[in-house]
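Me: Hey, could you walk me through this one? I'll throw short questions at you as they come up.

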Amino acid sequence: MTHPASSSAAIRVGVDLGARSYDILIGRGLIDDAGAEIARRLPKVRAAIVADAHVGPLYRQRLADALEASGIASVGIDVPAGEGSKNFAILESVVRGILAARLERGDIVVALGGGVIGDLSGFAAAIVRRGMRFVQVPTSLLAQVDSSVGGKTGINTPEGKNLVGAFHQPSLVIADTALLDTLTPREFRAGYAEVAKYGLIDDPAFFAWLEGNWRGVFAGGPEREHAVATSCRAKAKVVGADETETGDRALLNLGHTFGHALEAATGYSQRLVHGEGVSIGMVLAHRFSARMNLASPDDAARVTTHLRAVGLPTELSEIPGDLPDADGLMALIAQDKKVSRGTLTFILTRGIGQAFIAKDVPPSAVRDFLADTL
């Protein structure tokens, strides 16, 4: 049972990037204050609200009304739902929708949706008129704790995930946790994988807290706001120190090298959504670390136990349909953005909350590990 929405004081998390700094606002009922919050920071703008076929009917009119109440006129741009929309054709449709609305460089693009909408809308904002401002109103847990923060935008190609894009920071992120009440259990679980990731990177106390409090996060109690805020603070700290992922920001990709390869192997389909790939990827990263004598197998077992308890997949065998063999998966891993001059970089771990960047990981060791796992 979820708690009723309220417009109580929002939790504010700042992302410190000098002149491009911005706020993340977290709380229940914040969508109704979106117009006032945007107008306070970006006066006299017009807006394009980009939403997909699932989220648009639920929340776009409510957001448009909130914008209008603060003097912000808006137009809507519809895109199909799903990861498949992160492609060149849909990007073009969003760009042309913005241009058709005659929005100027000083106006804004509002991403109302999950990670797909945020990535797609942010990339469109980055390239229209050589850079428009945009606001994130994330409606999925994954987007609230991860993809809406940090300025990564982009689309997928047949060669891999997010290989075409740009760093383009939002001007504001409004994370209304009440909007998560309408997520399917699968979508919420998928987002939770990114929450657990922050504990596994460098906050073992947070991971332990999640082990004891995850039910409250799922139920919509105050634990949810705490989990979202803790995750956002962790990401804001990393982004503030390494905006364009030339150093420690790569730690945020724990589980993603394996996970992205699995997503590509399943055609970015509903066979495996992003958070599920991250869940399996984090388990594989911990097991591979143990295999390389970097961490205890007990840590990998603990990660597996917790992710399994919340209902996330932890094994390759849980992915429906056939997967490529080890060589096929290695070919997909080779397309990962963390590959440099052909050498593999993985986020590995020395234990819970002790992730580190491992460069020059022997491909043969990864291939043998995948072969044995498959």
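Me: Let's start with His256: buried or exposed?

Reply: His256 counts as buried, because its relative accessibility is 4%, under the 20% cut-off. Keep in mind that this is a predicted model.

Me: And which helix is His256 in?

Reply: His256 lies in helix 9, which covers residues 256–265.

Me: What does UniProt say about His256?

Reply: The unreviewed UniProt entry places a "binding site" feature at Glu194, His256 and His274. Those three span 81 residues in sequence, yet no two of their C-alpha atoms are more than 10.2 Å apart, so they gather at one spot.

Me: OK, Glu194 then. Where is that residue placed?

Reply: Glu194 is in helix 6, residues 185–202. Its relative accessibility is 0%, so Glu194 counts as buried.

Me: What does Glu194 touch?

Reply: Leaving aside residues up to four places away in sequence, Glu194 touches Leu142, Val145, Asp146, His256, His274 and Val278. That list includes His256 and His274, the other two positions of the UniProt feature.

Me: Switching topic. Which domain annotation does UniProt have?

Reply: The unreviewed entry annotates "domain: 3-dehydroquinate synthase N-terminal" over residues 78–189. In the model, that span is 34% helix and 29% strand, and its end C-alpha atoms lie 26 Å apart.

Me: Now the open sheet. How many strands, and in what order?

Reply: The open sheet has 7 strands in the order 1-2-9-6-5-3-4, with mixed pairing. Strand 1 (11–15) and strand 4 (74–79) stand at the edges with a single partner strand each, so one side of each is left without a neighbour in the sheet. From one strand to the next, the twist averages 20°.

Me: How do strand 3 and strand 5 pair, parallel or antiparallel?

Reply: Strand 3 (residues 47–52) and strand 5 (residues 108–113) pair in the parallel sense, over 4 bridges. Ile49 stands opposite Val110 in strand 5.

Me: Which strands does helix 2 touch?

Reply: Helix 2 (residues 56–69) packs on the sheet and touches strand 3, strand 4, strand 5 and strand 6 (133–138). The direction of helix 2 makes about 165° with that of strand 3.

Me: And where does helix 8 lie?

Reply: Helix 8 (residues 222–241) lies across strand 1 and strand 2 (22–27), and runs at about 15° to strand 1.

Me: What about strand 10, how many of its residues are buried?

Reply: For strand 10 (residues 344–349) the count is 6 of 6 buried. Leu344, Phe346 and Leu348 point one way, while Thr345, Ile347 and Thr349 point the other way.

Me: What does strand 10 form with strand 11?

Reply: Strand 10 and strand 11 form a hairpin with 5 residues between them. They pair in the antiparallel sense over 5 bridges, with strand 11 covering residues 355–361. Thr349 stands opposite Ala355 in strand 11. Gly351, in the turn, has a positive phi of about 150°.

Me: Which residues other than glycine have a positive phi?

Reply: Lys44 is one of them, with phi near 60°, and Glu245 is another, with phi near 55°. Lys44 sits in the loop between helix 1 (34–41) and strand 3, and Lys44 is exposed, with a relative accessible area of 86%. Glu245 is in the loop between helix 8 and helix 9.

Me: Nice. Zooming out, how many helices and strands does the protein chain have?

Reply: The protein chain has 13 helices and 11 strands. Its radius of gyration is 20 Å, close to the 21 Å that the globule rule gives for 374 residues, so the chain is as compact as a globular protein of that length. Along the principal axes, the C-alpha trace spans about 60 × 40 × 40 Å.

Me: Last bit: what share of the chain is buried, and what is its accessible surface?

Reply: Buried residues make up 57% of the 374 residues. The accessible surface comes to about 14,900 Å², with 52% of that belonging to carbon and sulfur atoms. As for contacts between residues at least 6 apart in sequence, 74% join residues at least 24 apart.

Methods:
Residues are numbered from 1 along each chain as its sequence is written. This is a predicted model: local features need pLDDT of at least 70, side-chain atom pairs count only at pLDDT 80 or more; totals for chains, interfaces and linings use all residues. Side-chain values use heavy atoms; hydrogens and water are left out. UniProt positions are given in the numbering used here, feature names are shortened, and annotations may be inferred rather than shown by experiment. Helices (H or I, at least four residues) and strands (E, at least two) are DSSP runs, numbered from the N terminus. Two strands pair if DSSP finds at least two bridges between them. Axes are lines fitted to C-alpha atoms, for helices over the stretch in contact, and angles run from 0 to 180 degrees between N-to-C directions. Contact means heavy atoms within 4.5 Å. Buried means under 20% relative accessible area, exposed over 50%, partly exposed in between (1.4 Å probe, protein chains only). The radius of gyration is taken over C-alpha atoms; the globule rule is 2.2 Å times the number of residues to the power 0.38. Accessible areas come from the Shrake-Rupley method with a 1.4 Å probe; for residues, only the protein chains shown count as cover.
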